[in-house]
Structures are given as structure tokens and as C-alpha cells.
Amino acid sequence: MPRAFYARPVLVVARALLGRALVHDAPEGRTAGLIVEVEAYGGERDPASHAFRGATPRNRVMFGAPGHAYVYFTYGMHHCVNVVTGAKGQARAVLVRALEPIEGLELMRRRRGVEVLERLARGPGCVTEALGLTRADDGVDLTRGPLWIADHPAVRRGPVVRTPRIGIRVAAERPWRLLFAGHPCASGAPIRTAVTARRVSNRSRRR
DNA sequence: GTATCGATTAGC
DNA sequence: CTAATCGATACA
């Protein structure tokens, strides 16, 4: 997709990403999947955003030009990939939370150490592992290079045959944090929050 | 410096 | 519900 695709409000891009393919070409081969779950971050009212307290070495890509990948390392063992949106300096990004694998399934299985299709790229940490993304990909330009967003015929044309939908953890939390349901991307209607459940779990962990 | 927690995941 | 595991952040 061209730069202009990314240079729009984060929520607009978040919805537009649903149903499109995230593709990565690596030496081992190509892997790709339809984006079925995303989460938008950024803005003065989003304390959950990595950019909430200003730019740092880690989040600097978020503050850069749109159309770049913000990849960060978390929990000491996982990577997550974001799509930077909006205008330069705004620090808005969309976290890719789940993919429906469409290409390079065997490579994904090898990288993930999992066979089941539904578990290859369900969850942000699984997405990066399936595609082989690491901090080395932080800041890469999505409009040129081995990592990019593409339209996908099967989705553009409507309900063709699909593999079982994944990324069912649909949720929404206003004002800046949203989780959308998978395709058809036209609907993209938020259903219910899953963030709440995570918070409850974390609370008990602190005791 | 030292403590705490995380835009997570897998497994019991 | 927890271990795993390390970087970022908060606090003394």
C-alpha cells in the first residue's frame, strides 16, 4: 500500500488493515496472513500507548513517518509488530494481533513449533514468530522492502472460501484503544472488551 | 542502584 | 493461575 494509506487517522487505518495481508519475505521463504485482529494506540488520552510519556530509543519509530513498522521486544521473550500511522510526530500505531495464515504455512509451522493452523498467528507474539520478525525489523519501510501490506483478492471480492476465522478475542476500549473483529472488514464492529479480563488477571498476579 | 511490571504465551 | 525472562521505568 502507498504511503497515503498509512498517513490517515489511526482508527481509520486500523479498520482498513483488517482483511488485508501482511507479507514478509525472508531468506527461508515468504509468509503471509490476512489481518483479522488489530489494536490502535496513541494520543494524549491513551496511557497504554508506549508513546504516552514521550519518545525514547525504544518507541522512536512510533514518532516517525507513517508506513513504517514499529517492532518491540516485550516480556523478555516476545516481539510485537505495529503499523505506524497518521502524521509524522503524532506517534499513532496499530498493533497487529492476529493473522489468518494464507502463505508459507509450513514455514510458519517450523518457526512456531506448532501444527494447528488456528494457532500459527493468533496473538501478537505469535504473529511475529510466524512471520520471523524481530527487533531487526524495527523501523522498516512498509512501502518498500521485504515487509509490506497488500490487498488480498479473496477478501476484496467478498466471502470466498476461507480458513476458519481466528483472532476471536474481539474487543474495544475507548477512546484510543480498539480491537476489531476479523473480516468482513466492512463491518469491523467492536463487540466486547477483552482488555478487562487481562487487567483482572494482572491484578491477582501482583498479590 | 534496586524493585517492579509489562501492548505475552504456553501449560497445568 | 503461573513461570519464563529481560528491558524499560519508577523510586530511593
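Contact, in what follows, means that heavy atoms lie within 4.5 Å. Helices (H or I, at least four residues) and strands (E, at least two) are DSSP runs, numbered from the N terminus. The structure is a predicted model, in which local features need a pLDDT of at least 70 and side-chain atom pairs count only at pLDDT 80 or more, while totals for chains, interfaces and linings use all residues. Residues are numbered from 1 along each chain as its sequence is written, chains are lettered from A and ligands numbered from 1 in the order in which they are written, and side-chain values use heavy atoms, with hydrogens and water left out.

Chain A holds 6 helices and 8 strands, and, read from the N terminus, these elements follow the order α-α-β-β-β-β-β-α-α-β-α-β-β-α. Of its 207 residues, 51% count as buried, where buried means under 20% relative accessible area, exposed means over 50%, and partly exposed lies in between (1.4 Å probe, protein chains only). Among contacts between residues at least 6 apart in the sequence of chain A, 61% join residues at least 24 apart. One pair that is distant in sequence is R15 and V94, which are 79 residues apart along the chain and 9.6 Å apart in space, C-alpha to C-alpha; R15 belongs to helix α2 (residues 10–17) and counts as partly exposed because its relative accessibility is 35%.

Helix α4 (residues 124–131) shows what a mostly covered element looks like, since 6 of its 8 residues are buried. The buried residues of α4 are P124, C126, V127, T128, A130 and L131, and their cover includes β1 (21–26), β2 (29–41), β4, β5 and α3 (105–112). Just after α4 comes G132, with a positive phi of about 75°.

Most residues other than glycine have a negative phi. Two residues of this model that are not glycine nevertheless have a positive value: Y75, with phi near 55°, and A91, with phi near 60°. A91 sits in the loop between β4 and β5 (92–103) and is buried, because its relative accessible area is 2%. Y75 sits in the loop between β3 (69–74) and β4 (78–85) and counts as exposed, because its relative accessibility is 64%.

Y75 also leads to the DNA. DNA strand C is surrounded by 9 residues, of which R53, T56, Y75, G76 and M77 are the closest; a residue is near a strand if one of its heavy atoms lies within 4 Å of it. A backbone N or O atom of Y75 lies 2.4 Å from a base oxygen of DNA strand C, and a polar backbone atom of G76 is 3.5 Å from a base oxygen of that strand. R53, by contrast, has a polar side-chain atom 3.5 Å from a phosphate oxygen of DNA strand C. Of the atoms of DNA strand C within 4 Å of the protein, 60% belong to sugar or phosphate and the rest to bases.

How far can the model be trusted? The pLDDT, which is the predictor's confidence in each residue from 0 to 100, averages 77 over chain A, with 73% of the residues scoring at least 70. Confidence is highest in helix α1 (residues 3–6), at 98, and lowest in strand β7 (residues 172–173), at a mean of 32. Over residues 156–207 the pLDDT is below 50, although this stretch has 106 contacts in the model beyond near neighbours in sequence. Where pLDDT is low, the predicted coordinates should not be read in detail.

Methods. Polar contact = N/O pair within 3.5 Å; in protein donor to acceptor, adjacent residues only side chain to side chain.
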